[in-house]
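Open the model in your viewer and set it to a cartoon view. The stops below tell you what to select next and what is found there.

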Amino acid sequence: MKLKTTLSTLAILAAAGPALAECTEVSMSDVGWTDITTTTSAAKHVLEALGYEVDVKVLSVPVTFASLESDDVDIFLGNWMPAQSGAIGPYLDSGEIDVLNTNLEGTKYTLAVPTYAYDAGLQSYADIAKFKDELDGKIYGIEPGNEGNAYLISLTEENKFELEGFEVVESSEQGMLSEVARAYKDEKPVVFLGWEPHPMNANFSLKYLPGGEDFFGGEGIVQTVSRAGFAEECPNLGKLFGQMDFTLEMENGIMGQILDEGMDADDATMAWLRANPDAWKAWVDGVTTVDGGDAVAAVEAALQ
């Protein structure tokens, strides 16, 4: 009987072993947007303080969703909705990706112009074609493969808003904003993908254009999504990510330090966590360290 019990226990432990091992490690995707780099870095600090090993992979949005489906990535903090509904929809429908939380509300994401261009009459998607010469026939997007870019390209291909012949310039976030800064300095019209939270809203006087609501919607949200079953397999992590909320003020401030002051993302988020204990304490409410210890004490010790 004793041998049988021992063998049964070993069998249970062997079966649970892979799951337990998985729950000591967390892989996250960072798609290279400064806001997602910011939130991912903040999460990484807390996770490491709790004793988890964290692997952050820099991936595009399409590859991120495919990696969540294949279980190569556990968590993504940057599902902008409704803008990414087309990209993530099939994975949600098939049950391969789970939504754990709405981590940010009140976001904006659509085409933007400097206020001086808006005042000159470029006030909607329908007005862009009127300024084709001044815009050099260009609309500036972000990284190749992004769903927002794809939507803008579809407008040019289908001649929506008379945009046939416009070029959607795909670049990095930094590359796009360099073009905006160059135009802004000379008060030259420029149309580009803008969003909030982002320090661009403080660095430039901007207006967001109506007309793209069928894709971008109005004010939006950002969701935390995971590979299917992650929260059930790793309930401590599921609870943490389920209550890890951010604010526009937080993200705008940290992103400004990163982009405008050249501060390292990990340094900027560490400073924010030290200055805002009430925020991260809410994240770890009811959460333990990886070995069942006091989460608040562990994070406090790491922040010191």
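In which helix does T269 lie? Select T269: the residue lies in helix α13.

Before going on, note that this is a predicted model, in which local features need pLDDT of at least 70 and side-chain atom pairs count only at pLDDT 80 or more, while totals for chains, interfaces and linings use all residues. Residues are numbered from 1 along each chain as its sequence is written, and side-chain values use heavy atoms, with hydrogens and water left out. Helices (H or I, at least four residues) and strands (E, at least two) are DSSP runs, numbered from the N terminus.

**Stop 1: T269 and its surroundings**

Is T269 buried or exposed? T269 is buried, because its relative accessible area is 1%. Here buried means under 20% relative accessible area, exposed means over 50%, and partly exposed is in between (1.4 Å probe, protein chains only).

Now show the side chain of H45 as well. A polar contact of 3.2 Å joins the side chains of H45 and T269. A polar contact is a pair of N or O atoms within 3.5 Å; within protein, one must be able to donate a hydrogen and the other to accept it, and residues adjacent in sequence count only if both atoms are side-chain atoms. Apart from its neighbours within four places in sequence, T269 is in contact (heavy atoms within 4.5 Å) with T38, S41, A42, H45 and I254.

**Stop 2: α2 against α13**

Select residues 34-49, which form helix α2, and residues 265-275, which form helix α13. The two pack at an angle of about 65°, with their axes 9 Å apart. Axes are lines fitted to C-alpha atoms, for helices over the stretch in contact, and angles run from 0 to 180 degrees between N-to-C directions.

Which residues make the contact? From α2 come T37, T38, S41, A42, K44, H45 and V46, and from α13 come A265, D266, T269, M270 and L273.

**Stop 3: α2 against α11**

Keep α2 and add residues 235-242, helix α11. These axes come within 12 Å and cross at roughly 145°. On the α2 side, A43, V46 and L47 meet L237, L240 and F241 of α11.

**Stop 4: strand β9**

Move to residues 220-227, strand β9. How many of its eight residues are buried? Seven are, and the strand is mostly covered.

Add strand β3, residues 75-81, which runs antiparallel to β9 and is joined to it by five bridges. Two strands pair if DSSP finds at least two bridges between them. W80 has V222 in β9 as its bridge partner. Then add strand β4, residues 97-114, which pairs with β9 in the antiparallel sense over eight bridges. Within this pairing, select T102, which stands opposite Q223 in β9.

**Stop 5: backbone details in loops**

Most residues other than glycine have a negative phi, and most peptide bonds are trans.

- Select M81 and P82: the peptide bond between them is cis, with omega near 10°. P82 lies in the loop between β3 and α4 (85-94).
- Select E196 and P197: a cis peptide bond joins them, with omega about 20°. P197 is in the loop between β7 (192-196) and α8 (200-203).
- Select D136: phi is near 55°, a positive value in a residue other than glycine. D136 counts as partly exposed, at 47% relative accessibility.
- Select F161: phi is near 55°, again positive in a residue other than glycine. F161 sits in the loop between α6 (147-157) and β6 (167-169).
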